[in-house]
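Colleague: I should like to learn how to read charged side chains in a model. Could you please guide me through some cases?

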Amino acid sequence: MVEVALWSSLRSFAGGNEKVEVEGETVGEILDALVKAHPGLEPHIESGVSVAIDGRIIFNSLSEPVGPDSEVVLLQQLKGG
Amino acid sequence: MALDGSKSEFKLVGTRPLRPDGIDKVTGRAKFGADAYAAGMLHGAIVRSPHAHAKIVKIDTTKAEAMKGVKAVVTRADFIDGLKGEMWNVLENVMAGDKALYDGHAVAAVCATSTLAARDAAKAIEVTYEILPHVTDVDKAMAKDAPVIREGAAAPGTPEGMHPNVVGYHESGHGDVDKGFAEADLVIEETFRTEATHQGYIEPHACLATMGNDGKGEVWCCTQGHFHVAKVCAALLGTDASQIRVTASEIGGGFGGKTAVFIEPVALALAKKANRPVKVVMSRSEVFRATGPTSSTSMDVKIGMKKDGTITAASGVFRLQGGAFPGAPASFTAMCAFAPYALENVKQIGWDVMSNRPKQAAYRAPGSPMAAFAVESVIDDLCKGLDLDPIDVRLKNASRQGTKASYGVTFDRIGLVETLEEAKAHPHYSAPLAEGAGRGISCGFWFNHGGETAVSLALAEDGTVSLSVGTPDIGGSRASMGQMAAEELGIPYEKIRTTIADTATLGYNEISHGSRVTYASGLATIEAARDTIRKLCARAAAKWKIDPEAVVWEDGCAKPSGPNAGEFEPMTLAKIASSMGRTGGPIVGHYEATPEGAGVSFATHIVDAEVDRETGSTRVTRYTVIQDAGKAIHPSYVEGQFQGGAAQGIGWALNEEYIYGEDGRLQNAGFLDYRIPVASDLPMIDTVIVEVPNPGHPYGVRGVGETSICPPLAAIANAVSNAVGIRMTELPISPPRILAALDGAK
Amino acid sequence: MIHVNTKINGDETEFLCDPRETMLDVLRDKLALTGAKEGCGTGDCGACSITVDGRLVCACLMLGAEADGREIGTVEGIATGEKLHVLQQKFLEHAALQCGICTPGILVATKALLEKHPDPTETQVRYWLAGNLCRCTGYDKIIRAVMDAAKDMREAA
Amino acid sequence: MMRFEAPDSFEGAVALLAAEGGTTRVLAGGTDVLVQLRSDMFTPDLMVDIKRIPGVHDVTAEGGGWRVGAAVSGAELNEHPEVKKDWPGVCEALDLIGSTQVQGRATLTGNLCNASPAADSVPAMIAAGAVVTIAGPDGEREAKAEDIATGPGKTSLKLGELVTSVFLPARGTGGGDCYLRFIPRTEMDIAVVGAAVSMTVEGGKITAARVSLGAVAPTALLVEDAATAIIGSSLDEAALTALGEAASAAANPISDKRGTVAFRTKVAGVLAQRAAKTAYERAIK
């Protein structure tokens with residue numbers, strides 16, 4: 001199981017939890033598992049999120065590996081100038 | 001792809017070779033967006049709404065179509081129906097549908113045989129408007145009775161019961177801020193405002209397009225992302241992305257503003273209708289009225305501090321107006337605000353708000369500079385209130401490796417402390433200050449970005465190299481790509497020609513944005529070179545009839561890896577290349593990935609400013625930029641990014657602003673009254689490159705383009721506030737504002 | 001249409017232009033001399049700097065029709081054959097350009113400066129160039145390149 | 001369709017302007033006219049370029065003063081050491097307009113006839129007591145610099161008339177003038193406030209003075225109260241205070257994108273004082 005931290009405004013869509021646990025070995029699997037466990041998160045994830053794994057922000061790559069001890073934080077999607 | 005520990009000695013990286021496009025650019029030969037011409041070319045002109053908010057009742061093109069030389073007119077009806085989400089927003093912005101949403105919104109376009117004929121025809125297109133109430137201020141746009149820009153545009157997660165103009169909400173943080181504020185010896189809360197500023201690139205948007213009725217199109221344009229242009233044009237015209245080939249011209253500045261698409265789909269639509277090439281070039285006033293400025297903001301920041309300088313809690317509410325569409329970078333503003341500091345209790349809220357202004361576009365670290373202005377101002381006031389040194393306080397609270405950042409992640413290796421220590425030791429910080437002058441410092445933060453990247457590296461038979469990258473060169477990146485390729489291959493820099501490949505000849509590349517080019521295209525270049533080397537080694541191994549694993553690449557040659565591998569004369573790259581047709585065919589190295597190791601970046605700026613207390617005029621007299629570059633590939637262009645960001649920040653802080661009249665029209669749509677810094681406004685800008693390697697890049701590169709604009713707003717506000725003894729809370733800190741503050745304080 | 005005879009970078013040139021066309025329109029659209037850029041069209045940015053009878057002006061603030069009988073100088077005429085002018089060389093060495101769109105105008109302007117003031121102060125260079133906007137560099141490296149070129153030109157003179 | 005003419009005499013220019021039934025513009029330096037053309041603010045039916053008329057580029061000594069041709073550019077005027085010595089305020093005012101590039105073309109005459117309330121050289125010319133010569137269908141006439149502009153973009157010139165030269169009177173001994181303006185940047189802006197002071201000083205005492213303000217009213221102002229405040233003084237603190245107050249009192253500005261009423265009113269006084277100090281120093285040198 002991987003623990004995923006949600007930003008505050010997402011928590012109400014995941015039973016009010018700051019962190020939720022899901023199964024997954026890649027960013028893509030974790031996002032799929034989140035939607036499955038908490039369907040209310042789907043529109044947010046669909047409209048774009050970034051995922052920080054151990055401090056590195058993953059912008060697009062769904063295949064990025066995630067370990068069971070990784071720190072995983074969901075962030076609003078980032079772009080730059 | 002992680003930091004390559006073995007690579008610590010560099011031959012070319014860190015040197016300052018001449019840029020490969022240099023001679024073209026000093027002789028006038030370089031071809032920018034507006035410099036392309038085609039046989040039979042027509043000129044386009046765009047009709048724009050003079051109203052901030054109006055229903056488009058009727059567009060009568062008959063007079064224009066009857067004029068001499070006019071070949072085609074397009075309106076929204078010439079674009080595809082049924083788009084959803086952000087693509088619909090882009091189309092609506094490129095060509096208005098039912099309503100004109102801001103002064104300058106495109107409503108029709110025409111092409112004719114000359115620019116004068118096209119402009120005259122545009123004037124002859126009669127548009128009937130029904131004027132609607134408008135709003136351009138962020139706080140007023142959130143108010144209950146504000147005119148509605150559009151219903152139903154709010155993103156998921158936006159709290160219910162808000163005005164329809166409120167289209168996005170972000171909340172994040174950790175700890176208990178109320179508890180933290182209770183522990184503080186001093187708590188300061190202040191409201192700040194910043195006006196919208198424009199990226200102000202000197203080259204207006206320009207493109208040349210052709211499109212046949214077979215759906216195949218060609219576009220030449222100045223853009224930060226030509227693959228993105230192809231994608232958007234295909235979507236808006238209802239054709240396939242692969243059928244639109246886009247070539248990126250030389251680009252005359254972007255700073256985020258050329259990540260958006262404005263005229264290319266219009267030029268294609270005109271070209272298709274007229275069946276001739278069409279060139280569209282924006283005027284400067286069109287650039288200001290219709291392309292993306294940054295958001296204007298209204299922000300409340302509250303910070304608590306103990307007598308020893310420890311920050312006990314910080315909270316902020318950041319309201320950003322992003323024009324007539326969702327997308328203001330409110331979440332970035334919120335997430336960047338407190339990122340430089342290790343805080344136990346922090347909470348940040350961002351609001352994305354629509355108004356009757358042009359759709360905001362990214363501008364260098366979108367959202368971050370405004371946050372720094374508010375936060376770093378309050379920190380300075382706390383230092384003053386508790387009689388503490390501003391650098392010591394920042395050092396005490398600085399984020400480090402292992403800090404749980406305000407926006408949730410745990411920082412890896414970062415260089416904020418190093419920039420602060422350099423700042424403290426810098427002669428500027430201890431230099432005596434002139435009478436009546438003030439000194440200000442500020443820190444700044446930006447995430448940086450990786451993104452989809454493809455690079456191809458082909459050898460010629462004479463041993464020279466053609467390097468194709470897909471990220472438009474907005475500030476000298478062809479030089480640094482050449483350096484990295486040459487470093488890996490072990491050949492002279494001059495033997496490499498780096499080209500920005502068009503969309504038909506390379507895999508998809510994300511836009512040149514997010515300070516990603518030297519990081520991501522650089523990483524891909526290194527990997528493409530290493531792929532090439534593997535192929536070169538394999539050819540040598542085949543020739544020597546040894547295992548490819550037994551061949552190493554050193555100093556531009558394939559060599560046996562050791563005595564056990566056998567004794568062979570090293571083979572140079574040129575030697576292998578000369579026979580490649582007979583040893584297995586062309587040698588091309590390539591690399592495609594979405595590198596995700598962009599290291600975050602921090603900077604600390606020091607600035608001295610003098611204020612004329614009788615006129616409110618401010619002069620910046622000394623400026624020092626200290627920033628972590630991870631590893632500077634070409635130090636001159638790293639310094640250039642530092643200096644350019646500082647200069648833009650100085651303009652933003654002191655003079656630049658979007659000024660709207662009561663009628664909702666932009667009053668300063670030109671360089672005369674949109675006042676970017678001129679040469680005589682600025683001092684030399686000193687730079688210190690700090691190199692704390694990014695663990696996510698083979699050489700340790702961090703992007704440098706954006707972070708440099710994060711601290712200046714706050715640093716200058718702190719300097720001016722110190723000079724006049726009054727906290728300035730609104731940007732720009734213009735002379736009338738300073739005089740009014742001084743008079744108010746009397 | 002107006003018939004105009006002029007000399008551009010030393011070459012006899014003639015063209016026809018609409019009375020409303022600026023010298024910048026003519027250079028770019030009629031003569032394919034695209035080194036001068038249109039950054040504003042209103043004399044505020046200097047990207048279209050040219051010389052007319054040796055005097056520095058903005059090509060966007062001059063009608064094409066006015067060129068009759070004048071001598072025009074553009075960025076395309078700064079180098080001598082394949083040999084770069086000292087200023088051009090110094091701009092490359094000092095990395096005094098990032099995007100390069102302002103560079104042609106700044107080179108034309110600084111060449112005019114150094115012809116008039118071979119030993120300018122930093123302040124003089126900054127004020128002379130106040131009408132040449134650069135958004136990329138913060139001007140630092142441009143000023144250094146100009147001062148360095150002036151020094152070399154003085155030593156060579 | 002705009003017509004373009006470049007006559008070789010003022011008679012020819014007057015004939016063209018008088019015969020044109022539509023709108024006309026005279027092209028001297030063109031630094032305002034071409035901006036209006038490019039921004040579609042105004043396209044005349046007839047553009048008359050006066051730069052081919054003999055004498056328009058000349059600066060000539062006349063009765064101790066200087067006659068400045070209608071096409072003399074800022075760069076040319078500022079290269080004239082004697083005019084610069086006599087009327088440094090007028091020269092610096094013209095020199096402040098726009099960039100080096102604009103200086104290659106901008107003229108005193110054009111700045112006056114464009115009738116912008118913020119024109120830099122106009123307060124300096126008014127303070128200097130400049131007189132312009134006007135050619136027209138009824139022959140030549142003269143007018144004071146302050147009588148040309150009647151409102152923003154409007155002049156007292158009649159159909160077919162154009163200004164042929166500006167005359168700067170004899171400076172005499174003990175004279176000094178100065179023009180200062182406030183802009184947010186160091187260059188390239190339109191004046192938010194402008195102030196010109198010209199004076200004659202004998203034995204340390206100001207015997208004559210003219211003070212003019214720009215950008216604080218629909219036209220540049222000749223402020224007699226401000227002159228009165230310093231005449232008879234040796235520009236002591238009291239005189240300076242009175243000057244500043246008179247200048248601020250005379251200012252009748254608007255708030256716009258460049259400045260507020262409060263800012264312009266206050267800074268008009270500040271600049272009048274500073275300009276007077278410099279003019280005084282120049283006068284006693």
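Modeller: Let us begin with a salt bridge in this predicted model. B:Arg737 is paired with B:Glu730, and their closest N and O atoms are 3.2 Å apart.

Colleague: How is a salt bridge recognised in general?

Modeller: A side-chain nitrogen of Lys or Arg must lie within 4 Å of a carboxyl oxygen of Asp or Glu. By this rule, the count over all chains comes to 79 salt bridges.

Colleague: Are B:Arg737 and B:Glu730 buried, exposed or partly exposed?

Modeller: Partly exposed means between 20% and 50% relative accessible area. B:Arg737 has a relative accessibility of 26%, so this residue counts as partly exposed. B:Glu730, at 30%, therefore also counts as partly exposed.

Colleague: Which side chains meet in a salt bridge across chains?

Modeller: Those of B:Glu656 and C:Arg135 do, at 2.7 Å from N to O. The pair crosses from the loop between helix H18 and strand S26 of chain B to the loop between helix H4 and helix H5 of chain C. Both B:Glu656 and C:Arg135 are buried. Among the four pairs of chains that touch, chains B and C have the most contacts.

Colleague: Where do positive charges gather on the surface?

Modeller: A patch of positive charge there is formed by B:Lys543, B:Lys545, B:Lys575 and B:Arg582. Of these, B:Arg582 is placed in the loop between helix H17 and strand S23 of chain B. Exposed means over 50% relative accessible area. The value for B:Arg582 is 71%, so this residue is exposed.

Key
Residues are numbered from 1 along each chain as its sequence is written. Chains are lettered from A and ligands numbered from 1 in the order in which they are written. This is a predicted model: local features need pLDDT of at least 70, side-chain atom pairs count only at pLDDT 80 or more; totals for chains, interfaces and linings use all residues. Side-chain values use heavy atoms; hydrogens and water are left out. Patches are made of residues with over 30% relative accessible area and no salt bridge: like charges are joined within 9 Å, nonpolar side chains (Val, Leu, Ile, Met, Phe, Trp, Tyr) within 5 Å. Accessible areas come from the Shrake-Rupley method with a 1.4 Å probe; for residues, only the protein chains shown count as cover. Lys and Arg count as positive and Asp and Glu as negative; His and the chain ends are not counted. The place of a charge is taken as NZ of Lys, CZ of Arg, CG of Asp or CD of Glu. Helices (H or I, at least four residues) and strands (E, at least two) are DSSP runs, numbered from the N terminus. Buried means under 20% relative accessible area, exposed over 50%, partly exposed in between (1.4 Å probe, protein chains only). Contact means heavy atoms within 4.5 Å.
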